[in-house]
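User: Please take me through this structure in short questions and answers. Keep the cut-offs explicit.

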Amino acid sequence: MKLHIKSNVSWVGKIDWELRKFHGDEYSTHRGSTYNSYLIEEGKVALIDTVWAPFAKEYVKNLGNIIDIKKIDYIIANHAEIDHSGALPELMRHIPDTPIYCTANGIKSLTGHYHQNWNFHPVKTGDRLSLGKKELIFIEAPMLHWPDTMFCYLTSDNILFSNDAFGQHYATEFMFNDLVDQAELMAECIKYYANILTPFSPLVDKKIKEVLSFNVPVDIICTSHGVIWRNNPVQIVDQYVKWANSYKENQITVVYDSMWNGTRVMAENIARGITQSDQKVNVKLYNIAKADKNDVITEIFKSKAILVGSPTINRGILTGVAALLEEIKGLRFQGKKAAAFGCYGWSGESVKIISQNLSSAGFQVVDEGIRALWNPDSKSIEECIEFGKKVAELFK
Ligand code: FEO
């Protein structure tokens with residue numbers, strides 16, 4: 001597989017149609033993914049990134065059908081995570097002395113993963129590598145996605161190789177942004193940002209401003225996952241700027257788990273109250289024990305406010321809700337409001353526990369929350385509707 005991109009630049013990666021979980025089992029990939037690797041055949045030949053380890057042999061064999069591997073002069077490792085560096089050990093068996101250009105942190109990470117003393121060349125922002133008539137310029141991009149990440153820019157062809165940034169987990173044979181279903185593409189882009197890049201939003205914003213300040217033309221953005229942005233690549237940069245700055249839509253997401261349906265009844269009646277008070281707000285409900293966690297996180301990312309509910313069990317909360325709260329704490333959402341709810345039979349701590357967790361996760365908790373003793377009766381249901389009306393105003 002070789003896909004021509006521009007001039008002497010080609011995609012030589014792997015489309016993984018089967019992938020359904022990424023980062024172990026942490027991230028759902030309903031539409032698979034791609035591991036993008038790029039070959040630049042100028043006076044000097046450079047290979048940018050490789051593919052995930054399970055495809056190492058297939059990748060190197062494919063590469064050998066495209067070019068005599070010994071003609072590769074430089075390997076660029078924009079990011080050392082296994083999905084991009086996984087084929088390096090197999091590749092380096094063929095060309096053990098070939099120089100690998102990466103950041104100083106990239107050397108630490110690659111050495112930590114593979115325990116090999118390869119011919120590393122650390123680079124910093126502004127360093128250049130001549131390929132003959134064109135050059136690669138390196139730009140460190142720590143935390144987009146890990147501390148070792150860098151971008152590189154190919155002069156004359158005006159291509160930015162951005163690694164994880166601007167990517168999506170999206171398998172497609174089309175490979176270019178203008179050829180795919182736009183709704184699918186943007187759904188995967190926002191899911192990727194929400195679940196992977198949200199904690200680093202201040203750095204995303206800063207890095208984009210830094211790259212824009214270089215004032216160099218960017219005709220194509222070659223990411224490491226999903227499509228290549230060749231048609232109006234600025235659109236995804238603009239989206240990132242929006243997403244990195246306390247992004248919210250007019251949406252309230254209600255997330256809960258329920259043992260005997262009481263907390264579900266509360267969720268649905270709180271939602272009724274919200275819509276009675278505000279017909280324009282988009283209210284979405286998810287039982288976190290049944291919904292896909294990463295899809296729910298994407299909905300939270302899009303929301304101006306969330307309601308989180310759990311019954312009390314063993315003086316605590318249900319584990320599905322506890323896991324979600326742990327995850328959103330790490331994601332460090334900004335500028336969102338929240339409140340808690342839940343049924344109880346005896347001790348009734350759940351609402352307090354959820355509120356504390358939401359607060360420590362950076363949400364502005366606007367109300368002490370609402371509890372319902374036992375199965376909600378008509379009075380409790382009315383109270384939930386009134387609570388929904390109240391928080392609809394507080395969330396405005
Ligand atoms: Fe696609 Fe951070 O690896």
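What follows covers packing, a charged pair and the empty spaces.

Analyst: This is a predicted model, in which local features need pLDDT of at least 70 and side-chain atom pairs count only at pLDDT 80 or more, while totals for chains, interfaces and linings use all residues. Residues are numbered from 1 along each chain as its sequence is written, and side-chain values use heavy atoms, with hydrogens and water left out.

User: How are α5 and α9 oriented to each other?

Analyst: Helices here are DSSP runs of H or I with at least four residues, strands are runs of E with at least two, and both are numbered from the N terminus. The axes of α5 (residues 182-197) and α9 (residues 293-302) come within 9 Å and cross at roughly 90°. Axes are lines fitted to C-alpha atoms over the stretch in contact, with angles from 0 to 180 degrees between N-to-C directions. Angles of 65 to 115 degrees count as roughly perpendicular, so α5 and α9 are roughly perpendicular.

User: How do the residues of the contact of α5 with α9 divide by class?

Analyst: Contact means heavy atoms within 4.5 Å. Among the residues involved are Ile-190 and Tyr-193 of α5, and Ile-297 and Phe-301 of α9. Ala, Val, Leu, Ile, Met, Phe, Trp, Tyr, Cys and Pro count as nonpolar, Asp, Glu, Lys and Arg as charged, the others, including Gly, as polar. The split is five nonpolar, three polar and three charged.

User: Which residue meets Lys-293 in a salt bridge?

Analyst: A salt bridge puts a side-chain nitrogen of Lys or Arg within 4 Å of a carboxyl oxygen of Asp or Glu. Lys-293 sits in helix α9, and its partner lies 267 residues apart in the loop between β4 (21-22) and β5 (27-28). The N to O distance is 3.1 Å, and the partner is Glu-26.

User: What is the volume of the largest cavity?

Analyst: On a 1 Å grid over the protein atoms alone, a cavity is a set of points where a 1.4 Å probe fits but cannot get out, and lining residues have an atom within 4 Å of a point. Points are joined across faces, edges and corners, and volume is the space filled by probe spheres set on them. Phe-301 and Trp-243 are among the lining residues. The volume is about 60 Å³.

User: How much space lies in the largest pocket?

Analyst: A pocket is an open set with protein on both sides within 12 Å along at least five of seven lines. Its lining has 18 residues, none of them charged. The space is about 300 Å³.

Technical notes:
Angles under 35 degrees count as roughly parallel, over 145 as roughly antiparallel, 65 to 115 as roughly perpendicular and the rest as oblique.
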